[in-house]
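The following paragraphs guide a new reader through one protein model. Please keep the sequence and the structure in view while reading.

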Amino acid sequence: MDNKFVITIGRQFGSCGKEIGQELAKRFGITFYDKELISLASKESGLCQEFFEKADEKNSGNLLQAFAAGFTFGPFQYNDFLSNDKLFQIQSDVIRKVAGEHSCVIVGRCADYILREHPRCANIFISASQEDRIARLCRIHGISEEAAAEKMNKADKKRSEYYNY
């Protein structure tokens, strides 16, 4: 019997989702993935890591605007060579691959959606009160409450748009 399992974690910005995921991986003795998936997608596809970094958790409009600013890959402009759908597909394939190879914790990247049919996948969403999130962001980044609230709201909006896309 296959004992491999996956835990996916969605989270609100500033809610400690990454840290909780790291601790779960440590306690279970399994691999933790967050931004490491960007490097894996780059290696698997042979594409520049910058493509995936710029596309990371951004919706369609923001992605095209970012690449229209001048990213090139060899002789091709971004919008001639790759679509954000293709980048998402490559990253999705990498997520499915690591989930099939070994037990792991994956934070973000729509992993809960991508692995929705995985037979041994537990999906968790981490949230916290706005006050706690703002206080944590102030502490971590050394910023004012107003700046933390703005950063939090922008990040939550981008994550929501990306997931809905």
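**A guided reading of the model**

With a relative accessibility of 2%, R133 counts as buried, because buried residues are those under 20%. The residue belongs to helix α8. Leaving out residues up to four places away in sequence, R133 touches Q12, F13, G14, S15, A128, M152 and D156. The model in which these contacts are found is a predicted one.

Before the surroundings of R133 are followed further, the confidence of the prediction deserves attention. The mean pLDDT of the protein is 83, and 82% of its residues reach 70 or more. Over residues 59-80, however, pLDDT stays under 50. The model has 33 contacts for this stretch beyond four places in sequence. Where pLDDT is low, the predicted coordinates should not be read in detail.

The general outline comes next. The protein has 165 residues, of which 38% count as buried. Its secondary structure comprises nine helices and six strands. Among contacts with a separation of 6 or more, 65% are accounted for by residues 24 or more positions apart. The accessible surface comes to about 9,400 Å², and carbon and sulfur atoms make up 50% of that area.

Helix α8, the home of R133, covers residues 130-141. Its 12 residues should span 16 Å at 1.5 Å a residue, and its end C-alpha atoms are indeed 16 Å apart. Which residues of α8 are buried? They are R133, I134, R136, L137 and C138. An α-helix has 3.6 residues a turn, so residues three or four places apart point the same way. The buried residues of α8 pack against α1 and α9, the latter formed by residues 145-164. After α8 comes G142, which has a positive phi near 65°.

C138 is another buried member of α8, with a relative accessibility of 16%. Not counting residues up to four places away in sequence, C138 touches I143, S144, E145 and A148. C138 and G14 are 124 residues apart in sequence, yet their C-alpha atoms are 9.8 Å apart in space. G14 also appeared above among the residues that R133 touches.

The next topic is the nonpolar interior. In soluble globular proteins, nonpolar side chains tend to be buried together. The largest nonpolar core of this protein has 21 residues, and L37, F52, I95, I106 and L115 touch the most other members. Two or more residues come from each of α2 (36-45), α3 (49-55), α6 (84-101), β5 (104-107) and α7 (111-114). Helix α6 gives the most to this core, with six residues. Apart from this core lies another, of eight residues, among them I7, I9, I30 and V105.

Two parts of the largest core can be examined in turn. F52, leaving aside neighbours within four places in sequence, is in contact with I38, A41, S42, S45, L47, L87 and I90. L87 and I90 are included among the buried residues of α6, as are N84, Q91, S92, V94, I95, V98 and A99. Helix α6 has 18 residues and reaches 26 Å from its first C-alpha to its last, close to the 26 Å expected at 1.5 Å a residue.

Backbone angles draw attention to two further places. Most residues other than glycine have a negative phi, and most peptide bonds are trans. C16, although not a glycine, has a positive phi of about 80°. This residue is found in the loop between β1 (6-11) and α1 (17-28). R109 likewise is not a glycine and has a positive phi, of about 60°. The place of R109 is in the loop between β5 and α7. Is R109 buried or exposed? R109 is buried, with a relative accessible area of 2%.

The cysteines complete the reading. How many disulfides does a search of the whole structure find? The search finds zero. C121 is in no disulfide, and the nearest cysteine sulfur, that of C104, is 8.5 Å away. With a relative accessible area of 21%, C121 is partly exposed. C16, at 28% relative accessibility, also counts as partly exposed, whereas C138 counts as buried.

Conventions
Residues numbered from 1 in each chain as written. Heavy atoms only, no water. pLDDT = per-residue confidence, 0-100. Contact = heavy atoms within 4.5 Å. Disulfide = S-S within 2.5 Å. Buried < 20%, exposed > 50% of the residue type's maximum accessible area, 1.4 Å probe, protein only. Helix = DSSP H or I, 4+ residues; strand = E, 2+ residues; numbered from the N terminus. Core = buried A, V, L, I, M, F, W, Y, C linked by side-chain atoms within 4.5 Å. Expected span 1.5 Å × (residues − 1). Areas by Shrake-Rupley, 256 points an atom, 1.4 Å probe, with all protein chains shown as cover.
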